[in-house]
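Please read the following explanation with the sequence and the model side by side. The paragraphs go from enclosed space to aromatic pairs, then to strands, a pocket and two backbone angles.

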Amino acid sequence: MPLSRLAEATTPTAQIGLGLAALGRPGYLNLGRDRDLPDDRSPDALRARTHQLLDAAYAQGVRYVDTARSYGRAEEFLGQWLADRPEARDVVVGSKWGYAYTANWRVVADVHEVKEHSAAMCTTQYAESVELLGGRPDLYQVHSVTPDSPVLTDAALQERLAEQAADGVSVGLSVSGPRQAEAVRAALRVAPGGERLFRSVQATCNLLESSVGEALAEAHEAGLYVIVKEAMANGRLAPEAAPAALHRVAEECGATTDAVAMAAMLHRPWVTTVLSGAVTTEQLFANLHAVTVDLDDEQLAALTELAEEPEAYWQTRAALPWH
């Protein structure tokens, strides 16, 4: 299985991946984006920024890169970087299908992406991903599965995904929304032909939204790779916006709040990879510092108290403006 290469990586930072959601398009819903990116957000400017982050991440031992069809031109940027750097063949590439990017390179748009989980969409977007990446991804995930997603019940769609798996692609899913745990557990039961379909699960899990934790532990126990996304809660745990309790622990550890927030996720024994959503090298290096942060039981208990009710967390996230 392609994802097994991640388990074989020996660098301390190999447990951290680089996500391209905020790099492949001019607008995104992370706090502080106006400060972090220059006014020039042309494709050329963001291509250069993406390649800069990829270079820095690879040099520091990061070996997983996560993208999606709906991340603007992120797959294109990544494919060009891979083509120019044959030495990076040990990078594990994950992408996602199920959303179409509709913002047309605008920061402000009525609709930024449109969701469709169908066999036809899977076929179309898989071909697009292969072309843009310069080859098939190691991991291809269904994007933002919820309990009512057709992928959990549609036999034709599951058959299409099984064909991808037979072709050597690891098939996974990402989940989102206040019912993530329910979606994860439903996915564990999807086994066309008697063989479990999904080999990985990616979920939003952070100090403010940890309700999916037990389900992810069950997925890990079942043999799935577990990828944590949005560990920074779209910037709400970054130094400029982090709650006081997180600042206190960060001061005790001699680290930044983002490093502590990511370290808290790395501390979970069921986590395979935690994604960094950095858009500057400074943010990336701060995130990577998470592997050096030691958290004791008292600090972990204090951080656990930051958790919000899932419905409240996702309502806040939905209200974040695109910058």
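**Enclosed space and its surroundings**

A search of the whole structure, which is a predicted model, finds 1 cavity of 30 Å³ or more. The volume of this largest cavity is about 40 Å³, and its lining is made up of L54, A57, Y58, V62, V65, W81 and V91. Divided by class, these lining residues are 7 nonpolar, with no polar and no charged residue among them. Helix α3 supplies the largest share of the lining, 3 residues.

Two of the residues that line the cavity, Y58 and W81, lead on to the aromatic pairs, of which a search of the whole structure finds 4. A pair of aromatic rings is described by the distance of the centres and the angle of the planes. For Y58 and W81 the ring centres are 6.2 Å apart and the planes stand at 65 degrees, an angle over the 60 degrees required, and the pair is therefore edge-to-face. Because Y58 belongs to helix α3 (residues 43-59) and W81 to helix α4, the pair ties together parts that are 23 residues apart in sequence. Both Y58 and W81 are buried.

Another of the aromatic pairs, formed by Y126 and Y140, is also edge-to-face, with 5.2 Å from centre to centre and 65 degrees between the planes. Here too distant parts of the chain are linked, since Y126 is in helix α5 (residues 119-133) and Y140 is in strand β6, 14 residues apart. Y126 and Y140 are both buried.

Y140 brings the reader to strand β6 (residues 139-145), which is mostly covered, with 7 of its 7 residues buried. On one side of the pairing, β6 is joined to strand β3 (residues 92-97) in the parallel sense over 4 bridges, and within β6 the bridge partner of K96 is Q141. Strand β6 also pairs with strand β7 (residues 170-175), again in the parallel sense, over 5 bridges; in β7, V175 is the bridge partner of V145. From β6 the chain crosses through helix α6 (residues 155-166) to β7, and this β-α-β crossover is right-handed.

Open space can be considered next, beginning with the second largest pocket, which holds about 270 Å³. It is lined by 15 residues, of which L82, V93, L133, G134 and R136 are the closest to its centre. Helix α4 (residues 74-84), which also carries W81 of the aromatic pair, gives the most to this lining, with 3 residues. In contrast to the wholly nonpolar lining of the cavity, the lining of the second largest pocket has 8 nonpolar, 3 polar and 4 charged residues.

The last stop is the backbone. Most residues other than glycine have a negative phi, and most peptide bonds are trans. W105, although it is not a glycine, has a positive phi of about 60 degrees, and it lies in the loop between β4 (99-101) and β5 (113-115). With a relative accessibility of 22%, W105 counts as partly exposed, because buried would require a value under 20%. A233 is a residue other than glycine that likewise has a positive phi, near 55 degrees, and its place is in the loop between β9 (225-229) and α9 (244-253). At 1% relative accessibility, however, A233 counts as buried.

Methods
Residues are numbered from 1 along each chain as its sequence is written. This is a predicted model: local features need pLDDT of at least 70, side-chain atom pairs count only at pLDDT 80 or more; totals for chains, interfaces and linings use all residues. Side-chain values use heavy atoms; hydrogens and water are left out. On a 1 Å grid over the protein atoms alone, a cavity is a set of points where a 1.4 Å probe fits but cannot get out, and a pocket is an open set with protein on both sides within 12 Å along at least five of seven lines; lining residues have an atom within 4 Å of a point. Grid points are joined across faces, edges and corners, and a volume is the space filled by probe spheres set on the points. Helices (H or I, at least four residues) and strands (E, at least two) are DSSP runs, numbered from the N terminus. Ala, Val, Leu, Ile, Met, Phe, Trp, Tyr, Cys and Pro count as nonpolar, Asp, Glu, Lys and Arg as charged, and the others, Gly among them, as polar. Buried means under 20% relative accessible area, exposed over 50%, partly exposed in between (1.4 Å probe, protein chains only). Two strands pair if DSSP finds at least two bridges between them. A crossover is right-handed if, with the strands pointing away from the viewer, the path from the first strand over the helix to the second runs clockwise. Rings of Phe, Tyr and Trp (its six-membered ring) pair if their centres lie within 6.5 Å; planes under 30 degrees apart count as stacked, over 60 as edge-to-face and the rest as tilted.
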